[in-house]
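This text walks through the enclosed spaces inside one protein model. Please look at the sequence and the structure before reading on.

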Amino acid sequence: MTDVHTAPHTARESGTLVIGGDLPVHRLGYGSMQLVGPGAWGPPRDRDEALAVLRRAVELGVNFIDTADCYGPQISEQLIREALHPYPEDLVITTKVGFALTGPGEWHPLGRPEYLKQQAELSLRNLGVERIDLLQLHRIDTQVPLADQLGALVELREQGKVRHIGMTGVTLEQLSAARAITPVASVQNWYGPISRKCEDVLEQCERDGTAFLPWAPLGRGELAGPDSPLAPLAAEHGVTPAQLALAWLLHHSPVMLPIPGTSRVAHLEENTAAAAIRLSESETERIAKFLDG
């Protein structure tokens, strides 16, 4: 295993994944939801630190940043623009539409085509771009035909406002239905070393060469703390449990693109150092078996 204490390590050490056939990114990205207030609502606790996190991420080689129109709402996208615009040429920013946030943690799927297009237009403005490289449907609204929801995104792509379309929180059946309507460049599902219920979706992504973005890759924080079930194995290798969990994800699948989020620069640097950890196949299997009990 690589010594992560010979810092600084960068996201470049995580390798490269090509999204949609034409967007190469480093396989360790950054998720921006934690930059805003609790429950994804309101401004950050420390605006200067939030801006510093974004700038430090790019300095550390992160060239894939995940956000959504409802984080804030809109505040996360605005912070990204303030911190990083004009953007580095290789930076890919993905955003999401399809959730309405009405208060802290109050999420409501909203897939009416006119709403999706309206929110995409707001994202273009908030991010300060003419085209969104990857626009993901944040949730499927069961009250609206999927063809209508994806049709709105396809229309935006045909207008040159979106480059690629992705899906979030989908089952294998939903992914298949989406792929019958439009190419799907990415899938973002809840997945991590202790939450592997959508392994069938990941396997389909591997077959298709579709980027798989695990959200909450460290669980709800239970993998990162001192009581983490990974603590004994992490101690053997002289790394933190969070670093070991992220390294496991990177080694588990070639289409995996973890997007750990944080609101602190120090935590960001710790997460990024996980890109340097090298696990053997036997170590990867041992970690999975250990967590499975």
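In this predicted model, the lining of the second largest cavity is made up, by class, of three nonpolar residues, one polar residue and two charged residues. The residues behind these counts are Leu233, His237, Leu244, Glu283, Arg286 and Ile287. Glu283 and Arg286 are the charged pair, because Glu and Arg both count as charged. His237 is the polar residue of this lining, since His falls among the residues that count as neither nonpolar nor charged. The volume of this second cavity is about 40 Å³.

Two helices each supply at least two residues of that lining: helix H7, residues 231–237, and helix H10, residues 281–292. Of the elements involved, H10 gives the most, with three residues.

A search of the whole structure for cavities of 30 Å³ or more finds two. The other one is the largest cavity, and its volume is about 50 Å³. Which residues line the largest cavity? They are Leu28, Gly29, Tyr30, Val62, Pro260, Leu268, Asn271 and Thr272. The main contributor here is helix H9, which spans residues 265–273 and gives three residues to the lining.

By class, the lining of the largest cavity holds five nonpolar and three polar residues, and no charged ones. Gly29 is on the polar side of this count, because Gly is classed as polar. Tyr30 is on the nonpolar side, because Tyr is classed as nonpolar. The lining of the second largest cavity, by contrast, includes two charged residues.

Notes: Residues numbered from 1 in each chain as written. Predicted model: local features only at pLDDT ≥ 70, side-chain atom pairs only at ≥ 80, totals over all residues. Heavy atoms only, no water. 1 Å grid on protein atoms, 1.4 Å probe; cavity = no way out; pocket = protein on both sides within 12 Å on 5 of 7 lines; lining within 4 Å. Points joined across faces, edges and corners; volume = space filled by probe spheres on them. Helix = DSSP H or I, 4+ residues; strand = E, 2+ residues; numbered from the N terminus.
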